[in-house]
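Please consider the structure shown below. A student's questions about it are then answered in turn.

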Amino acid sequence: MTAPTARPYNFSAGPAVLPEEVLREAAAEMLDWHGSGMSVMEMSHRGREFISIYEQAERDVRELLAVPEHYRILFMQGGGLGENAIVPLNLSHRLPEAKVDFVITGSWSQKSHKEARRYCDAQIAASNEGVGAANHTAMPAPSGWQLRDGLSYVHICSNETIHGVEFAQWPDLQSLGCDAPLVVDCSSHILSRPIDWSRVGLAFAGAQKNIGPAGVTLVFVRDDLIGHALSVCPSAFDYQIVAANQSMFNTPPTYAIYIAGLVFQWLKRGGGVAAMEARSLEKSTLLYDTIDNSDGYYVNRVAPDCRSRMNVPFFLHDESLNEAFLAGARQHGLLQLKGHKSVGGMRASIYNAMPLDGVRSLVGYMREFAARHG
Ligand code: PMP
């Protein structure tokens, strides 16, 4: 899908690599979008040019993810962490008694839980916290979740960007006897798998991994969950107000939406989410196999059935070689492989825009490094 590139391969967890085709298109249109005489950055968000960009982007993402008509798609600001407050402000009416349950699977669900506690009675239904190397290395099986009755919602993070654990399937709360809506932070794997909307009340995703540049957050919210915001909820974050104004109650992040739209077009040309899923499987299998077949030179500690296809943390058996590994990687045109500071080691994020050749190049370098520093 992507033409061979002379640029280095960028494994950043986010803001992350974008398709080169999209960057070239944006560059070509920078000074004059489609003969309008304006850069997209210079357009009024209320003008017909930008409205057409916005509407196309919304249509395309709805098509890519097969989002049913009874879900609204909102293009918001505030990021994933903003939604950690915006969701309870919109969904936990009957404050302060509102009850919300969280499944803790890594840093991002932990942050969500901590923020929600400011607004409601937020408790932990399950957690994969462990000691040392066993911390956040497997997803807690839904059958063991201790969900309370009368919940406003249940929150999960479906792919933990830092710890590299992913729900291969999102839980079916109804089959667990829970009729509360499921809220999903899918920031770091959206558009890499199809979504079973029958299981979801609300899903949100910051753009800067699989969608586009930082600055826009996509929120998919079922109609019946709109219109319950607390009176203290800022108007700009009230889903009803945002939805009624086609995400333009206040000035939206227009350029980020435009680039996201180009990414959606690129995804459609490349075969959509099904093709991305197949490619993600191929890329992540290649990388995990290389790690697992390295005789312990490289280690990934995540349970195989919970391993993320997007974020692959791994450790060198001899951590004193970390700096040499990273410096050699940079020389080979392999960028931003350093692991998150909270876990250390390495992390390769292999989002949709990372070509298979990028992962081939990485595993080639890993084998070579192991042979040289064995
Ligand atoms: N959720 C997840 C899963 C993330 O990976 C991130 C960012 N890495 C966030 C939330 C926070 O996003 P933001 O910094 O845009 O608020």
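The following exchange treats one helix and one sheet.

Reader: What kind of model is this, and how are residues numbered?
Author: This is a predicted model, in which local features need pLDDT of at least 70, side-chain atom pairs count only at pLDDT 80 or more, and totals for chains, interfaces and linings use all residues. Side-chain values use heavy atoms, without hydrogens and water, and residues are numbered from 1 along each chain as its sequence is written.

Reader: How far apart are the end C-alpha atoms of helix H7?
Author: Helices are DSSP runs of H or I with at least four residues, strands runs of E with at least two, numbered from the N terminus. The expected span is 1.5 Å times one less than the number of residues. For the 21 residues of H7 (272-292) this gives 30 Å, and the end C-alpha atoms agree, being apart by 30 Å.

Reader: On which side or sides of H7 do its buried residues lie?
Author: Buried means under 20% relative accessible area, exposed over 50%, partly exposed in between (1.4 Å probe, protein chains only). The buried residues of H7 include Val-273, Met-276, Leu-287 and Ile-291. Because they cover an arc of only 160° around the axis (taken from the directions from the helix axis to the C-beta atoms), they lie on the same side.

Reader: Which strands are at the edges of the open sheet of 7 strands?
Author: Two strands pair if DSSP finds at least two bridges between them. The order is E2-E10-E9-E8-E5-E3-E4, with mixed pairing. Each edge strand pairs on one side only, and these are E2 (71-76) and E4 (121-127).

Reader: Which residue of E10 is the bridge partner of Phe-75?
Author: E2 and E10 (217-222) pair in the antiparallel sense over 6 bridges. In E10, the partner of Phe-75 is Leu-218.
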